[in-house]
Amino acid sequence: MASNLNDSLTKKYIGLQLWILVAICLGVVCIMILVVSLWFTFKKKTRTNSMLPVSQRSRIPEEIKEIGVDQNSANNGGFLSLNDKFSDKDSEKVLIQLENGDDSSQSGSFTNVDKDGVGSQLGEEVAIGTAFAYRPSSHPLTAPSPLSGLPQFSQLGWGHWFTLRDLQVATNRFSKENIIGDGGYGIVYKGYLMNGTPVAVKKLLNNPGQADKDFRVEVEAIGHVRHKNLVRLLGYCIEGTHRLLVYEFVNNGNLEQWLHGAMRQHGYLTWEARIKILLGTAKALAYLHEAIEPKVVHRDIKSSNILIDDNFEAKISDFGLAKLLGAGKSHITTRVMGTFGYVAPEYANSGLLNEKSDVYSFGVVLLEAITGRDPVDYARPENEVNLVEWLKMMVARRRSEEVVDPTIETRPSTSALKRALLTALRCVDPDSEKRPKTSQVVRMLESEEYPLSREDRRHRRSQAGVTETECNMKHNPDSKTDGEMSHGT
């Protein structure tokens, strides 16, 4: 039988023995299988690089595909411009008493925009999405993009689309050990992208409708904008009921932690560090309020939403409550949201919201940084529970020197303290119309003089003149003012 098999295999067909033909056929089949598998792999990569899967694209809400611009900006070529004027000065003073420090930083190069001259005052880094147009930057790229090497590109005009598996791998399957924050909006995890970039992944709660709403709000608010004092939104994930946002990771805590919480074990913020953080926050708000259209009202400015990087630069985060205010709108009416102690009184009472609401909240944060106190602290005596009211009382009693945070080793000069207090008190004015714009707040904090505009100084002089005249008339009823005397001669 073996000999018959051997004879069959050794028979020649087309000049070749049968076993050779069998081997050739098997080899051809293997090669074809390999070629087909490689072709499918290449096709799959090409599809993921060029577009979202159809099942994913159909789920992207229409409202978040593009931020509209007003007609004026559209007529001006579809973009805004911003010139760099506020080049942040590197403070030569010690920013903080630390056991050890890290001076590393990374930055990018983005297009600058300008709107009605505001940009010349608020010059910062801005990247432009579907509502704007790209222009080359004159600044060199000093660090690689955190998105370099990532394959999926967004269909929204900015950022990257991540698969759920990408973010599961980045966060070790959303491990509890990777949680760095949580709240009513969802949970924030620390993770690492495939290129090694650390990121913060916000996983929105799977409430029907609410997750889409929160997702759309944050994308509309900061998806297209870039500013050195805003936490950068790198990308997103839309898969099934999952809605996730991917942010740059800021690893030096937030202002609340440095003033009241866990970061105090590393040291205490100096006066210079506090002013630098607040100045950066004011610049970011001025950009959101005055340099882009539609303007963005954050609606939840508080110390815990001001992140701090290794160079003690502020980065505003958490735009989950943000509202867009279109051209021509002085305010909008909305359900009152925010954090107790930071909410502007007119917004809390009537629901009327505009950028002056953010100014009030910033003023509270400024007072919080000056005093080291919480905005509302029921552990203190009754007349000290509310920070704003207590500070107004202390200033009225000429005891402003006593309000400075005792943990500040090198106390500020009298002029620096007065400048900061006057700025804060103007921001928390009960009358929203009397509050300054955030661009004015920036100038106040940078100025070496007291933060009084020319109009305020003229108003105070006129009030002082009226008061002096009334006092003279009380003491000498027969006396006449200079005007009356001139008319009488």
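This passage describes the overall make-up of a predicted model and then turns to a few of its sites.

The chain is made up of 489 residues, of which 44% count as buried, and its secondary structure comprises 15 helices and 14 strands. When contacts between residues at least 6 apart in sequence are considered, 66% of them join residues at least 24 apart. The accessible surface of the chain amounts to about 26400 Å², and carbon and sulfur atoms account for 53% of that surface.

One position carries an annotation from a record: an unreviewed UniProt entry lists Lys-203 under "binding site". In the predicted model, Lys-203 lies in strand 6, which runs over residues 198-204. With a relative accessible area of 22%, Lys-203 is classed as partly exposed, because a residue counts as buried under 20% and as exposed over 50%. Leaving aside residues up to four places away in sequence, Lys-203 touches Phe-174, Tyr-185, Gly-186, Ile-187 and Tyr-189, and also His-242, Arg-243 and Leu-244.

The structure also encloses empty space, in the form of 3 cavities of 30 Å³ or more. The largest cavity has a volume of about 80 Å³, and it is lined by 14 residues, of which Arg-299, Val-343, Tyr-347, Ser-357 and Ser-361 are the closest to its centre. By residue class, the lining of this largest cavity divides into 7 nonpolar, 4 polar and 3 charged residues. Helix 10, spanning residues 355-371, gives the most to this lining, with 3 residues.

Helix 10 appears again in the surroundings of helix 13, since the cover over the buried residues of helix 13 includes helix 8 (271-291), helix 10 and helix 12 (414-427). Helix 13 itself covers residues 438-446, and its buried residues are Thr-438, Ser-439, Val-441, Val-442, Met-444 and Leu-445. As a general point, an α-helix has 3.6 residues a turn, so residues three or four places apart point the same way.

A final site is found in the loop between helix 11 (387-396) and helix 12, where Thr-410 is placed. Thr-410 has a relative accessible area of 56% and is therefore classed as exposed, the cut-off for that class being over 50%. Although Thr-410 and Thr-270 are 140 residues apart in sequence, their C-alpha atoms are 7.2 Å apart in space.

Definitions and conventions:
Residues are numbered from 1 along each chain as its sequence is written. This is a predicted model: local features need pLDDT of at least 70, side-chain atom pairs count only at pLDDT 80 or more; totals for chains, interfaces and linings use all residues. Side-chain values use heavy atoms; hydrogens and water are left out. Helices (H or I, at least four residues) and strands (E, at least two) are DSSP runs, numbered from the N terminus. Buried means under 20% relative accessible area, exposed over 50%, partly exposed in between (1.4 Å probe, protein chains only). Contact means heavy atoms within 4.5 Å. Accessible areas come from the Shrake-Rupley method with a 1.4 Å probe; for residues, only the protein chains shown count as cover. UniProt positions are given in the numbering used here, feature names are shortened, and annotations may be inferred rather than shown by experiment. On a 1 Å grid over the protein atoms alone, a cavity is a set of points where a 1.4 Å probe fits but cannot get out, and a pocket is an open set with protein on both sides within 12 Å along at least five of seven lines; lining residues have an atom within 4 Å of a point. Grid points are joined across faces, edges and corners, and a volume is the space filled by probe spheres set on the points. Ala, Val, Leu, Ile, Met, Phe, Trp, Tyr, Cys and Pro count as nonpolar, Asp, Glu, Lys and Arg as charged, and the others, Gly among them, as polar.
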